[in-house]
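Visitor: Please show me the model, and let us talk about its enclosed spaces.

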Amino acid sequence: MRSHSVSAEGGASAVLYPKETGDSLDLHAYDTVKGSDFLADQDAVELLVREAPKEIIFMDHLGVPWSRDEKGRILQRPFGGMSIPRTTFAQDKSGFFLMSTLYDNVLRFDNVEMLHEHFVTSLLMDHGGVFRGVTAIDLRTGEFKVILAKAGIIATGGNGRVYKFTTMAWSSTGDGYSLAYRAGIPLKDMEFPQFHPTALVPNGILITEGARGGEGGYLINKEGERFMKRYAPSKMELAPRDIVSRAIITECMEGRGFIDEESGLCYVLLDLRHLGEERINKRLPMIREIAIKTLGIDPVDEPIPVRPAMHYMMGGIHVDLYGQVMLDEDKTRVPNLWAAGEAANVSVHGANRLGSNSLSECLVWGRLTGEAAAKYAMSAPPDSMLEYTGDIATKVANEESRIFDKLLHKEVGAENPYSIREEMNRTMDTYVYVFRDKSGLEEAYSTIKRLRERFPNVRIEDKGRYYNTNLRDVLELDFLLEQAELIIVGALTRTESRGAHYRLDYPKRDDVNWLKHTLYFYTTDGPRLSYVPVRITRWKPEERKY
């Protein structure tokens with residue numbers, strides 16, 4: 001239950017009542033493709049919109065308490081970039097209710113074993129490109145374990161903690177990306193972190209898009225004006241996230257923002273006062289509670305301070321349409337390994353995710369990959385994973401030595417890992433944020449390279465085995481530094497502006513040269529980049545206006 005999905009507030013998108021609302025699968029797909037700045041793979045988008053309604057109904061049957069209207073129908077609220085209200089929600093705690101319901105239902109099955117408090121350190125792949133299992137540390141005991149498997153699914157979420165100002169949990173360190181990457185599996189489109197426009201200043205806690213979208217909150221600057229009229233006159237606060245984020249930072253850069261005394265961060269105000277106490281209590285109870293508890297501000301009486309924060313990684317592990325992990329550009333699959341949710345890049349979000357499409361993606365590809373992995377495991381020979389020898393045994397020994405000999409029991413080490421992490425966070429927040437340019441990205445690259453060179457000399461103070469969070473933090477930092485480098489390399493290479501990736505020195509989208517996905521392959525000298533075309537089925541790229 002520590003998955004960051006518990007913090008998802010806004011909801012899951014699906015076309016539930018096409019006759020009553022005028023919505024359609026085509027319209028949901030078009031909104032998603034346009035929102036992605038035409039980098040989404042359109043066959044994947046069509047699969048998402050077709051399957052999402054079934055999953056919403058399935059979760060309803062499992063017991064998710066969706067918010068409903070007076071007729072008992074599931075309510076849907078407007079969200080940014082969506083032309084029709086299609087975001088299904090449970091107050092402003094949608095992710096929590098989805099996760100709780102799934103967890104409660106899994107507990108009904110005696111044949112499901114949960115290994116709580118286990119930290120996976122490597123994927124075990126044989127020379128034939130077949131997944132064999134993982135190595136992990138049982139944090140409770142410090143025991144190093146080898147867990148063999150007939151099939152696997154990587155569902156490890158995102159890497160928001162590459163940044164300091166982020167809406168994401170401390171556990172969102174993108175371990176799955178690095179585990180796959182180091183095992184020879186390519187990553188895709190890592191230059192596209194998403195910045196959510198409205199995170200609470202100075203703590204970064206998410207203020208749901210439902211607050212300004214479905215419920216009609218206003219964004220106002222220091223002069224008291226609703227500034228979105230300058231940037232997206234037809235959508236205002238309901239424009240896609242990349243556009244609203246750039247608008248807020250532009251207001252700050254042009255001197256129309258406020259400055260937070262504690263953090264020095266520039267922000268604008270999200271005004272909910274006109275909604276009234278009753279509506280806020282009914283639709284946004286957690287938002288009110290968060291603002292009161294963390295800032296002492298009651299949104300019923302005064303606006304709340306917000307600015308963009310790292311919120312979601314649109315890149316991820318390179319998978320095919322059904323979530324099966326790829327080993328090359330487009331031909332070779334790992335026969336028994338899948339990835340789902342934010343860990344995967346099936347590319348339904350492209351360069352900019354529309355809010356509420358991610359929970360739908362989790363539900364749809366959770367089902368697709370779960371069914372495929374189970375089917376594979378049940379048909380695999382019973383002795384296909386009983387022992388490991390040769391190459392796999394060597395990998396296990398090397399991994400155990402890396403963790404315990406080279407990190408935990410190393411006698412000397414002058415570097416403080418928490419200082420390295422702080423510098424990484426500051427670098428990413430400064431140079432790889434809503435606006436980017438060549439000189440800033442080069443500065444970030446040289447800093448991260450320097451931090452990676454310092455990392456082998458880190459000092460672990462806690463030499464114990466039980467709940468060694470110091471060791472866990474260092475292992476996570478190793479992954480985060482690697483991913484910071486990948487984000488920067490991709491951003492430097494992509495000489496255009498598309499969705500959340502905005503280059504001040506290349507402010508236009510370039511479909512001639514960049515209508516393609518970036519693939520990152522591991523080498524000892526850093527990532528090798530390759531490219532695959534965007535799969536276009538029906539919607540040709542067009543200018544993106546709102």
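Guide: In this predicted model, α7 gives the largest share of the lining of the second largest cavity, four residues.

Visitor: What makes a residue part of the lining of the second largest cavity?
Guide: A lining residue has an atom within 4 Å of a cavity point. Gln194, Phe195, Arg241, Asp242, Ser245, Arg246, Asn352, Val434, Gly499 and Ala500 line this cavity, so each of them meets that cut-off. At least two lining residues come from β9 (193-200), and at least two from α7 (241-253).

Visitor: How many residues of each class line the second largest cavity?
Guide: Three are nonpolar, four polar and three charged. Gly499 is in the lining, and Gly counts as polar, so Gly499 belongs with the polar residues.

Visitor: Why is the second largest space called a cavity and not a pocket?
Guide: In a cavity a 1.4 Å probe fits but cannot get out, whereas a pocket is open. This space, with a volume of about 50 Å³, is therefore closed to that probe.

Visitor: How many cavities of 30 Å³ or more does the whole structure have?
Guide: The search finds four. The largest holds about 80 Å³ of space.

Visitor: Which elements give two or more residues to the lining of the largest cavity?
Guide: They are α11 (390-408) and α14 (469-493), with α14 giving the largest share, three residues.

Visitor: What makes two residues in the lining of the largest cavity charged?
Guide: Arg counts as charged. The lining includes Arg465 and Arg472, so these are the two charged residues, beside seven nonpolar and three polar ones.

Note on methods:
Residues numbered from 1 in each chain as written. Predicted model: local features only at pLDDT ≥ 70, side-chain atom pairs only at ≥ 80, totals over all residues. Heavy atoms only, no water. 1 Å grid on protein atoms, 1.4 Å probe; cavity = no way out; pocket = protein on both sides within 12 Å on 5 of 7 lines; lining within 4 Å. Points joined across faces, edges and corners; volume = space filled by probe spheres on them.
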